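Here is a short tour of one protein chain. Keep the sequence and the 3D view side by side while you read.

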Amino acid sequence: MNFDEMKQRMATGKGFIAALDQSGGSTPKALASYGVEDGEWDGEEEMFAQIHKMRCRIVDSPSFSNGKVLGAILFEKTMNGCSGDGSPIPELLSRRGIVPFLKVDKGMHDEENGVQLMKPMPTLDEDCGRAKELGVFGTKMRSVINEANEEGIAANIEQQMDFGLQILSNGLVPILEPEVSLKSTSRAQAEALVLSNALDQLNRVPEGQQVMWKLTIPSEPNLYKPLIDHPKVLRVVALSGGYSREDACRELAKNDGMIASFSRALLEVLNAKMDDQQFDQALGNAIDEIACASTGE
């Protein structure tokens, strides 16, 4: 797929985005959930080799290319790795009709004003250039909102758009992810502030260009419909945020036009000890369930 074909697939495709972008902080937990214990790897290099092996197994499974996975968000080491046939992972995904994205954030600061802002990204232009060379369509970056603090949320959404505009200038489509924590004691109020600030920040997007949003499934169904319908928004996707797959799918299905971009809820039943048939069947069942919640079909 070329860029325009990928954009059309993201705009109109029926399905969801798989988030395969666990970073250094979340990788040990992801591996443990997958059945790979700490004693099976030694040091960061071996840890990332194990998670890369898991991701490649997912991507190479027949069910992953059944047409219901519209896109996949990759960690940098996965993007730069090669598939079994020696081709770059983004190229392999594109051949199978799956739009590749790259996680670009470098982690977050400690909480201040109820939010965690992203750390600086001094190599963002360079990272975008490398991604574009490999055929990546867009990026994703995550920050967190813990409480309904007006100043904090305004700063969070503004920072997301600051980096988003830089990414757009590099010819990629950014997924902006200001995650509202499911544990927030003021979650509904925080989500309302996310919506109002996101709509304001969209005024900064140049005419003819679009961004994407990755948001916590709102406590009020269809709260984010104004973003879904906005001409400067390509797609609004949902994170699972600690929900089980069953709960995430149930809540997502209440929101028209919002599709999934799940990580834990997608991978929760997969295990390294499964044989290939068991693995593909478990993955296929998860894909079917998440796609159904995303499309209403």
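This report goes from the whole chain to its aromatic pairs, then to single residues.

## The chain as a whole

The model is predicted. The chain holds 12 helices and 9 strands. The C-alpha trace spans about 50 × 40 × 40 Å along its principal axes.

How does the radius of gyration of the chain compare with that of a compact globule? For 297 residues, a compact globule would have a value near 19 Å. The chain has 18 Å, so the two agree.

Burial can also be put as a share. Of the 297 residues in the chain, 54% are buried. The chain exposes about 12,500 Å². Carbon and sulfur atoms supply 47% of that area.

Contacts reach far along the sequence. Take the contacts between residues at least 6 apart in sequence. Among these, 73% join residues at least 24 apart.

## Aromatic pairs

A search of the whole structure finds 4 aromatic pairs. Among them is the pair of Y34 and F279, which is edge-to-face. Which parts of the chain does this pair tie together? Y34 lies in the loop between α2 (27–33) and α3 (43–60). F279 lies in helix α12, residues 276–295. The pair therefore ties together parts that are 245 residues apart in sequence.

Are these two residues buried or exposed? Y34 counts as buried because its relative accessibility is 7%, under the 20% cut-off. F279 counts as buried too, at 0% relative accessibility.

Another of the pairs is formed by F101 and F137, and this pair is also edge-to-face. F101 lies in strand β3. F137 lies in the loop between α6 (124–133) and β5 (138–145). These parts are 36 residues apart in sequence, so the pair links them across that stretch. F101 and F137 are both buried.

The table sets out the geometry of these two pairs.

| Pair | Centre to centre | Angle between planes |
|---|---|---|
| Y34 and F279 | 6.4 Å | 80° |
| F101 and F137 | 5.7 Å | 90° |

Ring pairs also build a cluster. It links F3, F101 and F137.

F279 has a charged partner as well. R57 lies over the face of F279, at 4.1 Å from the ring centre.

## Three buried residues

K140 is found in strand β5. Is K140 buried or exposed? K140 counts as buried, because its relative accessibility is 5% and the cut-off for burial is 20%. The side chain of K140 makes a polar contact with the side chain of D21, at 2.8 Å. D21 also appears in the contact list of K140, which leaves aside neighbours within four places in sequence. That list further includes I73, L102, K103, V104, D105, I175, E177 and K214.

Q160 lies in helix α7, residues 150–169. The relative accessible area of Q160 is 0%, so Q160 is buried. What touches Q160, once neighbours within four places in sequence are left aside? Q160 is in contact with M118, M141, R142, S143, L176, E177 and P178. E177 is thus in the contact list of Q160 and in that of K140.

L92 lies in helix α5, residues 89–95. At 3% relative accessibility, L92 counts as buried. L92 and Q210 are 118 residues apart along the chain. Their C-alpha atoms are separated by 25 Å.

## Two asparagines with positive phi

Most residues other than glycine have a negative phi. Two asparagines here have a positive value.

N113 has a phi near 55°. Where is N113 placed? N113 is in the loop between β3 (99–103) and β4 (115–116). The relative accessible area of N113 is 33%, so N113 is partly exposed.

N222 has a phi of about 65°. N222 sits in the loop between β7 (211–216) and α9 (225–228). Its relative accessibility is 29%, so N222 counts as partly exposed.

Notes:
Residues numbered from 1 in each chain as written. Predicted model: local features only at pLDDT ≥ 70, side-chain atom pairs only at ≥ 80, totals over all residues. Heavy atoms only, no water. Helix = DSSP H or I, 4+ residues; strand = E, 2+ residues; numbered from the N terminus. Buried < 20%, exposed > 50% of the residue type's maximum accessible area, 1.4 Å probe, protein only. Phe/Tyr/Trp six-rings, centres within 6.5 Å; stacked < 30°, edge-to-face > 60°. Lys NZ or Arg CZ within 6 Å of the ring centre and 35° of its normal. Rg over C-alpha atoms; globule rule 2.2 N^0.38 Å. Contact = heavy atoms within 4.5 Å. Areas by Shrake-Rupley, 256 points an atom, 1.4 Å probe, with all protein chains shown as cover. Polar contact = N/O pair within 3.5 Å; in protein donor to acceptor, adjacent residues only side chain to side chain.
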